[in-house]
Amino acid sequence: MSINFTSLLRQPLITFLAACLLTWPCAHAQQVSNRATITPNYKDADLSQITEAVSAVTGKTIIIDPRVKAQVTMLSSTPMSPNAFYEAYLSILQVHGFVAVPSGGNTLTIIPDANARQVPANDLPGTINSNSSELVTQVITVRNVSAAQLVPILRPLVATYGNLVAYSASNMLVITDRANNVNRMLRIIERIDKATDDNYEIIQMQNATASEIIKVVNSLSASGATPAPADGGQPLKVVADDRTNSIIISGDKAAQLRVRTLITYLDTPLQSGSNTKTRFLEYADAETMANSLKAQIQGITQAATGSAAAGSTSSNLSNSVSIWADKATNALVVSAPPKIMEQIMSIVDTLDIRLANVKLEAIVVEVSASKSAELGVNWALYGNANSNVPAAIFNGGSTPITSVASAALTNNFSALPSGTTLGVGRIIDSGVSFAAILHALQEDGNTNIISTPSITTQDNKEAKIEVTQQVPLITGQYTSTGTSTGTTSGSTGTVNPFTTIQRQDVGTKLHITPKISKGGTITLKIAQESSSLSQQTGDAGSLITNKRSIETQVLVDDGQTIILGGLLDDKVTEGASRVPILSSIPLIGHLFKSSNSKKSKTNLLVFIKPTVMRNAIQASYETNSKYNFVRDLQLNINGGSVSLQPNEEQPLLPELPQASSDAVAPPTKDLSTAPLPPTDSVK
């Protein structure tokens with residue numbers, strides 16, 4: 001059952017209780033009360049209304065002093081049990097300066113806390129609840145120190161409405177205060193009330209650092225806050241042992257007691273816990289973070305000691321800090337003093353965050369065109385047709401006349417040059433023979449290459465993608481053959497020719513490191529390389545590769561396409577071969593010369609487009625768009641079937657599950673003004 005007490009502000013309590021009694025039989029009233037939960041919701045309500053509600057759910061009779069008046073706000077988002085509701089009510093009374101005092105049986109009296117010490121309370125309970133705000137009175141027997149000496153030390157810890165007195169005859173303390181504060185004082189007295197028969201005392205620190213406690217004690221001694229020893233007493237000395245994290249006290253007994261009490265106050269645990277912690281990282285790498293934290297320990301310890309002047313203390317603190325990483329669980333295990341621990345955990349909280357992903361799309365476009373033309377005349381004169389030695393020869397073109405003649409005589413047409421070749425000549429047995437060849441050639445070539453590599457990486461993490469072919473390039477050859485005869489066996493050996501090659505990656509390579517700023521801009525450190533095979537060959541028929549590379553660093557907005565670089569190459573080459581003097585004769589001079597020209601133009605541009613994916617929805621949107629694009633391509637291959645095999649189907653990616661209705665796709669950006677279409681349409 002859940003009761004909302006907001007309604008009690010709008011109608012009398014008697015009406016509410018009457019409705020409850022009419023709903024359930026009286027025989028089950030106690031069972032329902034035990035199972036009931038309360039969700040209080042009061043805002044500027046009168047304290048008497050909350051008191052009525054407490055009386056209703058606990059069954060207690062509550063008497064309110066006329067001086068008890070207050071406007072109370074009490075809000076809770078979760079249901080509370082009756083006991084928890086009652087403890088919250090006691091806390092409200094404490095906040096407003098009132099106290100609930102048992103008056104016998106099941107009756108409570110609510111009075112101002114200034115009168116609390118004059119009325120009976122929960123006297124001498126067997127156990128004291130450390131979480132209760134109930135008023136209690138407890139008698140404590142002190143065995144090793146003087147109870148009277150403890151009174152001025154513990155007096156500041158007791159509330160003004162409480163009471164703390166010492167009974168010297170039996171060395172006892174009588175404390176009246178709320179249960180949680182009495183429980184706290186019992187723990188402090190237990191730490192102080194230790195037997196010691198020596199002139200010195202060793203206090204092992206459990207939470208604080210011994211050197212830090214010594215600094216506080218010495219500061220108090222210098223300011224006169226620590227009293228001087230009595231006449232004839234030994235002076236007080238306090239020394240820290242960093243190796244065991246202990247404090248050694250020697251001197252006057254009374255002064256030792258005061259210092260021991262002060263140390264007990266200071267050696268309290270932090271809310272965050274003990275000196276050793278295991279921190280499981282969610283996003284960062286434990287080994288990397290452990291190395292980074294170790295490098296910062298010196299600076300952290302110097303800041304903790306106040307200045308770099310505390311050389312030995314800073315060194316001791318550095319030695320007391322231990323950080324190591326557990327790779328299997330991606331966890332940090334840190335041992336450090338509380339103050340250093342707090343700073344280390346603060347650094348871990350700052351660094352252990354989810355990094356955004358960045359999708360990087362590059363577009364490499366290379367468009368080239370080439371034209372070449374060749375026109376020339378080759379001729380030869382023979383003094384005697386039976387002689388193979390020409391009397392005169394002119395090779396003005398790229399193809400010797402002797403090669404063309406040899407190919408024509410042997411019907412080896414594959415050896416003829418490209419283009420148009422016209423020949424004329426006269427071969428006679430005696431006299432002068434001649435042969436002339438006119439060669440004309442025109443070539444056009446176009447190349448259009450588009451590479452669209454894309455890769456996804458984390459913020460500030462280098463990403464690499466390489467889409468290449470391993471092309472064999474000739475690095476050496478041996479073609480000579482020969483025989484050798486052994487002196488004894490007479491065997492003959494042959495040296496076989498060989499060729500050495502080296503394989504080289506040819507294709508597209510992209511190395512890129514993105515860094516996202518707080519303003520949303522992205523700094524890109526890029527190394528882009530695009531290589532391809534040329535249509536030409538080098539020496540000994542080896543392949544020639546074309547290479548284009550860019551190394552740069554740019555700043556770009558999220559989703560913006562930016563040009564990284566480009567190359568516009570326009571080249572014209574012209575050449576001519578001629579016979580001196582004869583080539584200058586008008587008209588017939590063209591028979592004694594050969595001309596060629598070549599023009600090539602290359603356009604190379606490289607673009608990059610980063611897209612930040614800060615959450616799972618954006619990542620799913622970008623992934624699904626590419627996934628579905630590839631799946632549609634597979635579906636369009638022969639309608640999903642295999643030619644000549646009607647029972648077989650094309651390989652197909654499985655269909656992605658439907659996205660949640662709460663997921664909202666990011667808006668589509670208009671790329672109509674971009675220099676190139678989106679990468680999905682460039683295939």
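Two strands pair if DSSP finds at least two bridges between them, and strands (E, at least two residues) and helices (H or I, at least four) are DSSP runs, numbered from the N terminus. The model here is predicted, with local features needing pLDDT of at least 70 and side-chain atom pairs counting only at pLDDT 80 or more, while totals for chains, interfaces and linings use all residues. Residues are numbered from 1 along each chain as its sequence is written, and side-chain values use heavy atoms, leaving out hydrogens and water.

**Exercise 1.** Work out how β13 and β14 pair, and which strands stand at the edges of their sheet.

*Solution.*
- Step 1: Start with the bridges: five of them join β13 to β14 (residues 246-250), and the two strands run antiparallel.
- Step 2: Pick out one pair: Val238 has Ile249 in β14 as its bridge partner.
- Step 3: Now zoom out to the open sheet, where three strands follow the order β12-β14-β13 with antiparallel pairing.
- Step 4: β12 (200-204) and β13 (237-241) each have a single partner strand, so they stand at the edges with one side lacking a neighbour in the sheet.

**Exercise 2.** Find the strand order of the four-stranded open sheet, and say which helix packs on that sheet.

*Solution.*
- Step 1: The order is β8-β9-β11-β10, and the pairing is mixed.
- Step 2: β8 (122-123) and β10 (163-167) are the edge strands, each with a single partner, so one side of each has no neighbour in the sheet.
- Step 3: Helix α6 packs on the sheet and touches β9, β10 and β11 (172-178).
- Step 4: Check one parallel pair: β8 and β9 (residues 135-141) share two bridges, and Asn122 stands opposite Val136 in β9.

**Exercise 3.** Take Asn181: is this residue buried or exposed, and which residues does it contact beyond its neighbours within four places in sequence?

*Solution.*
- Step 1: Place it: Asn181 is found in helix α6 (residues 179-192).
- Step 2: Its relative accessible area is 13%. Buried means under 20%, exposed over 50%, and partly exposed in between (1.4 Å probe, protein chains only), so Asn181 counts as buried.
- Step 3: Contact means heavy atoms within 4.5 Å. Leaving aside neighbours within four places in sequence, Asn181 is in contact with Leu157, Val158 and Ala159.
- Step 4: Look at Leu157 again: its backbone oxygen lies 2.9 Å from a polar atom of the Asn181 side chain.

How values were computed:
A polar contact is a pair of N or O atoms within 3.5 Å; within protein, one must be able to donate a hydrogen and the other to accept it, and residues adjacent in sequence count only if both atoms are side-chain atoms. Axes are lines fitted to C-alpha atoms, for helices over the stretch in contact, and angles run from 0 to 180 degrees between N-to-C directions.
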